[in-house]
Amino acid sequence: MRRTRFLRAVIAAVTTAVAAAGLTALGGGTAQAATPLPSRVFAPYFEAWTGESPAALAAASGTKHLTMAFLQTATKGSCTPYWNGDTGMPVSSAVFGNDIKTMQGRGGDVIPSFGGYTADTTGTEIADSCTDVNQIADAYEKVLTTYDVSRLDMDIEVDSLDNTAGIDRRNKAIKILQDRAAAAGRKLEISYTLPTTTTGLAASGLNVVKNAVSNGARVDVVNLMTFDYYDNAAHDMAKDTQTAAGGLYDQLAKLYPSKTSAQLWGMIGVTEMIGVDDFGPAETFSLANARTVYDWAVSKGINTLSFWALQRDNGGCAGGAAADNCSGIAQNTWDFSHVFAPFTGGTTVPSDDFSLTASPASGTVTAGGTATGTIATAVTSGAAQSVSLAASGLPAGVTATFSPASVTAGGSATLSLATTAAAVSGTYRITVTGSGPKAAHTATYTLTITGGSGHQCTAAPWSKTAVYTGGQQVSHQGHTWKAKWWTLGEEPGTTGEWGVWQDLGAC
């Protein structure tokens with residue numbers, strides 16, 4: 001995907017017991033406290049180079065787990081990984097450590113990911129860069145123990161798929177790390193994120209997994225990047241996800257003949273690129289696609305559901321090309337996260353927890369006025385904690401304030417949504433996030449704005465239960481939309497350029 005001193009091991013042939021005795025990090029201290037991931041986990045990618053807080057965005061989006069992208073060396077030939085290859089962002093508790101602890105305290109976690117498009121095209125993916133297998137294993141171990149996580153991801157694409165020496169070193173290093181973890185009684189999972197065709201892994205990606213098998217390295221999850229097909233074909237992105245995963249299932253069945261059907265599906269993950277992908281509008285993953293993929297993923301029992309990337313989960317560049325900070329389609333902020341978040345199962349419940357509600361949950365205001373509501377909290381378990389409040393998904397011309405800005409669980413605050421006369425008429429879902437030290441929750445407030453200057457919507461509002469035929473017009477999210485053909489339940493702004501709804505512009 002896009003974007004861009006540790007105790008050394010003895011020789012690889014040393015016995016597992018000696019290795020465990022010499023490398024105390026995996027066996028001692030807080031490292032043993034690492035909590036395994038749920039058997040079903042939604043973990044969207046977090047772009048670690050943006051300067052944003054992963055814990056804050058996870059709370060705002062209602063996402064408990066994140067895949068952190070990416071770890072790579074600063075220069076080709078190095079054996080030291082940094083976040084984004086930036087020497088100012090070493091693997092250290094001072095870099096993302098507090099955020100990760102906060103997420104873990106809320107019952108979530110992160111999956112650090114090595115590689116990515118930039119590393120894989122510049123020789124800075126660590127196994128491509130470093131020729132010492134034990135040093136690669138040490139680097140993996142340092143990430144594992146510094147952040148006290150239970151899964152590491154290997155994002156291998158483009159040039160790294162053809163680097164046979166790097167592939168072999170990587171899997172040998174994974175095997176060393178797995179032996180150390182086993183000796184220390186520590187849970188460890190390894191996932192491989194690989195590009196795919198619409199019918200399964202191409203030969204280069206399949207060879208990565210085959211090499212792992214030959215090296216005795218256990219692969220727990222094969223995560224398909226179900227986008228960027230670049231084949232100039234028409235795509236139903238949800239259907240292509242299913243056929244790609246079905247092809248992978250058949251490939252894994254040959255590599256792991258002793259596994260049951262449920263176990264094989266349990267080795268599969270899929271990562272979507274929400275909205276418009278790098279190829280362009282012909283490969284647009286819509287919210288309707290997301291709902292289809294979610295239902296399919298639950299029915300099949302796959303392990304991991306993800307997307308690129310959390311910072312893209314907004315409609316800030318509707319009608320545009322693929323970007324790292326927006327989806328390219330009309331949507332509310334966090335729409336895709338809200339569809340996929342329930343996929344996670346078995347998440348640890350925080351010892352101190354609270355609920356968050358908006359009352360009323362909706363309001364109507366004439367542009368230039370202010371709508372208010374009450375944000376109430378209540379202790380649901382353990383002790384009361386301090387809860388800070390924030391709002392996201394605000395349309396242009398709307399500002400949100402809370403009085404007070406933070407409460408002790410059990411208290412309430414007043415939400416004020418002030419609008420300007422130039423605010424665009426329409427209905428908007430605004431996400432209110434309450435963040436505490438051990439938990440985070442969201443509530444939705446639906447704001448309807450009328451009478452915006454020069455932007456009065458005249459078409460009837462879109463209805464989820466109404467049947468529309470070609471040529472009919474509706475208003476939705478401050479825009480007028482025209483149906484190209486018969487449709488029921490497909491939300492305007494979620495079906496992409498080639499979908500049923502044509503965007504006629506702001507109203």
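Tyr230 counts as partly exposed, because its relative accessibility is 45%, and this residue of the predicted model lies in the loop between β8 and α9. Its phi is near 50°, a positive value in a residue other than glycine. Most residues other than glycine have a negative phi, and most peptide bonds are trans. The points below begin with other places of this kind and then turn to helices, a loop contact and two sheets.

**Backbone geometry in the loops**

- Asn84, placed in the loop between β4 (81-83) and α3, also has a positive phi although it is not a glycine, with a value near 60°.
- Is Asn84 buried or exposed? With a relative accessible area of 13%, Asn84 is buried, since the cut-off for that class is under 20%.
- A cis peptide bond, with omega at about -10°, joins Trp308 and Ala309, and Ala309 belongs to the loop between β12 (304-308) and α12.
- Another cis peptide bond, with omega at about -5°, links Ser359 to Pro360, and Pro360 has its place in the loop between β13 and β14.

**Helix α9 and its partner α11**

- Helix α9 covers residues 237-255, and its 19 residues should span 27 Å at 1.5 Å a residue, which agrees with the 27 Å that separate its end C-alpha atoms.
- The buried residues of α9 include Met237, Ala238, Thr241 and Ala245, and these four residues are also among those through which α9 meets helix α11.
- On the side of α11, the residues that take part in this meeting are Asn289, Thr292, Val293 and Trp296, while Gln242 is one of the contributors from α9.
- By class, the contact of α9 with α11 is made up of five nonpolar and four polar residues, with no charged residues.
- Two packed helices are described by the angle between their axes and the distance between the axes.
- For α9 and α11 (residues 287-300), the angle is about 30° and the axes are 8 Å apart.
- The two helices α9 and α11 are therefore roughly parallel to each other, as angles under 35 degrees are placed in that class.

**Helix α2 and its surroundings**

- Helix α2 (residues 54-61) lies across β20 (426-435) and β21, and it runs at about 130° to β20.
- Why can α2 be called largely enclosed by the rest of the structure? Seven of its eight residues are buried, so little of α2 is left outside that enclosure.
- The buried residues of α2 are Pro54, Ala55, Leu57, Ala58, Ala59, Ala60 and Ser61, and they pack against β2 (45-47), β3 (65-73), α3 (97-105), α12 (335-340), β20 and β21.
- Directly after α2 comes Gly62, which has a positive phi near 75°.

**Gln178 and Gly216**

- Gln178 is part of helix α7 (residues 164-184), and it counts as buried because its relative accessibility is 7%.
- Apart from its neighbours within four places in sequence, Gln178 is in contact with Leu188, Ile190, Gly216, Ala217 and Arg218.
- Gly216 lies in the loop between α8 (203-214) and β8 (221-225), and at 41% relative accessibility it counts as partly exposed.
- When residues up to four places away in sequence are not counted, Gly216 touches Lys175 and Gln178.
- The C-alpha atoms of Gly216 and Ala74 are separated by 30 Å, and these residues are 142 residues apart along the chain.

**The two open sheets**

- An open sheet of five strands follows the order β14-β21-β20-β16-β18, and its pairing is mixed.
- At the edges of this five-stranded sheet are β14 (362-366) and β18 (406-408), each of which pairs on one side only.
- Neighbouring strands of the five-stranded sheet are turned against each other by 30° on average, with direction ignored.
- Strands β14 and β21 (residues 440-450) pair in the parallel sense over five bridges, and Thr364 stands opposite Thr448 in β21.
- An open sheet of four strands, with antiparallel pairing, has the order β13-β15-β19-β17.
- Its edge strands are β13 (353-359) and β17 (398-403), and each of them pairs on one side only.
- In this four-stranded sheet the twist from one strand to the next averages 25°.
- Strands β13 and β15 (residues 370-381) are joined in the antiparallel sense over seven bridges, and the bridge partner of Ser355 in β15 is Ala378.

Technical notes:
Residues are numbered from 1 along each chain as its sequence is written. This is a predicted model: local features need pLDDT of at least 70, side-chain atom pairs count only at pLDDT 80 or more; totals for chains, interfaces and linings use all residues. Side-chain values use heavy atoms; hydrogens and water are left out. The expected span of a helix is 1.5 Å times one less than its number of residues. Buried means under 20% relative accessible area, exposed over 50%, partly exposed in between (1.4 Å probe, protein chains only). Contact means heavy atoms within 4.5 Å. Axes are lines fitted to C-alpha atoms, for helices over the stretch in contact, and angles run from 0 to 180 degrees between N-to-C directions. Angles under 35 degrees count as roughly parallel, over 145 as roughly antiparallel, 65 to 115 as roughly perpendicular and the rest as oblique. Ala, Val, Leu, Ile, Met, Phe, Trp, Tyr, Cys and Pro count as nonpolar, Asp, Glu, Lys and Arg as charged, and the others, Gly among them, as polar. Two strands pair if DSSP finds at least two bridges between them.
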